[in-house]
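Student: Could you take me through one part of this structure closely? I would like to see how a single short helix is placed against the rest of the chain.

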Amino acid sequence: MANVLPIRVTPRSAKPGIGDWRGQADGREELEVRVAEAPADGAANDAAVRLIAKAFGISRSEVSIISGETSRHKRLSIPFDVGEVRRRLSR
């Protein structure tokens, strides 16, 4: 069963990587993801998916964008829950 990971992508970042959890106005949190690629032709989306897969030690095919293709705010499908995301990021 796939789980949803909310992220906020910052394209054209000088320091690509995964940041902290950010609170939204509605109280939900999303993971900050910075990529060097520009948001053209899906390059930033691909970079974000690759970065998430590498950071969590899973294959690229296990991560997909379910919503937010053209937005900074995206929802990804991943093979484990947010609790596991937090555990893997704390390593």
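Tutor: What follows is a close look at helix α2 and the parts around it. The model is a predicted one.

Begin with the helix itself. Helix α2 covers residues 82-89, and its buried residues are E84, V85 and R88. Looking down the axis of α2, these buried residues fall within an arc of 105 degrees, so they line one face of the helix. There is a general reason to expect such a pattern: an α-helix has 3.6 residues a turn, so residues three or four places apart point the same way.

Next, what lies over that face? The cover of the buried residues of α2 includes two strands from early in the chain, β1 (3-10) and β2 (17-23). It also includes helix α1 (43-56) and strand β5 (73-78).

Now go to the start of α2. There, a side-chain oxygen of D81 comes to within 3.2 Å of the backbone nitrogen of G83. D81 is also one of the residues touched by N3, and N3 is in strand β1. Leaving out residues up to four places away in sequence, N3 touches L76, S77, I78, P79, F80 and D81. One polar atom of the N3 side chain lies 3.3 Å from the backbone oxygen of F80.

F80 deserves its own paragraph. F80 lies in the loop between β5 and α2. With a relative accessible area of 10%, F80 is buried, since the cut-off for buried is under 20%. The model has 1 aromatic pair by the rule used here. The pair is formed by F56 and F80, and it is edge-to-face, with 5.8 Å from centre to centre and 75 degrees between the planes. F56 belongs to helix α1 and F80 to the loop between β5 and α2, so the pair ties together parts that are 24 residues apart in sequence. F80 has another partner from α2: R88 lies over the face of F80, at 4.2 Å from the ring centre.

R88 is one of the buried residues of α2. Its C-alpha atom is separated by 6.2 Å from that of F56, although R88 and F56 are 32 residues apart along the chain. A second arginine, R86, also meets a ring: its charged end sits over the ring of W21, 4.2 Å from the centre.

That leaves F56, on the other side of the aromatic pair. F56 is found in helix α1, and at 3% relative accessibility it counts as buried. Apart from residues up to four places away in sequence, F56 touches L5, L31, F80, V85, R88 and L89. Two residues on this list, V85 and R88, are also among the buried residues of α2.

F56 also leads to the interior beyond α2. The largest nonpolar core has 20 residues, and F56 is among those with the most contacts inside it, together with L5, I7, I52, V63 and L76. The elements that give two or more residues to this core are β1, β3 (29-34), α1 and β5. Helix α1 supplies the largest share, 7 residues. Three of these elements, β1, α1 and β5, also appear in the cover of the buried residues of α2.

Helix α1 has a buried residue with other contacts as well. N45 lies in α1 and is buried, with a relative accessible area of 9%. Setting aside its neighbours within four places in sequence, N45 is in contact with I65, E69 and K74.

A last stop is the approach to β5, the strand before the F80 loop. S71 is in the loop between β4 (64-67) and β5. S71 is partly exposed, at 30% relative accessible area. A polar atom of its side chain lies 3.0 Å from the backbone nitrogen of H73.

To sum up the part you asked about: α2 has its buried residues along one face, the cover of those residues includes β1, β2, α1 and β5, and F80, in the loop between β5 and α2, pairs with F56 and has R88 over its face.

Notes
Residues are numbered from 1 along each chain as its sequence is written. This is a predicted model: local features need pLDDT of at least 70, side-chain atom pairs count only at pLDDT 80 or more; totals for chains, interfaces and linings use all residues. Side-chain values use heavy atoms; hydrogens and water are left out. Buried means under 20% relative accessible area, exposed over 50%, partly exposed in between (1.4 Å probe, protein chains only). Helices (H or I, at least four residues) and strands (E, at least two) are DSSP runs, numbered from the N terminus. The arc is that of the directions from the helix axis to the C-beta atoms. Contact means heavy atoms within 4.5 Å. A polar contact is a pair of N or O atoms within 3.5 Å; within protein, one must be able to donate a hydrogen and the other to accept it, and residues adjacent in sequence count only if both atoms are side-chain atoms. Rings of Phe, Tyr and Trp (its six-membered ring) pair if their centres lie within 6.5 Å; planes under 30 degrees apart count as stacked, over 60 as edge-to-face and the rest as tilted. A charge sits over a ring if NZ of Lys or CZ of Arg is within 6 Å of the ring centre and within 35 degrees of the ring normal. A nonpolar core is a set of buried Ala, Val, Leu, Ile, Met, Phe, Trp, Tyr and Cys residues joined through side-chain atoms within 4.5 Å.
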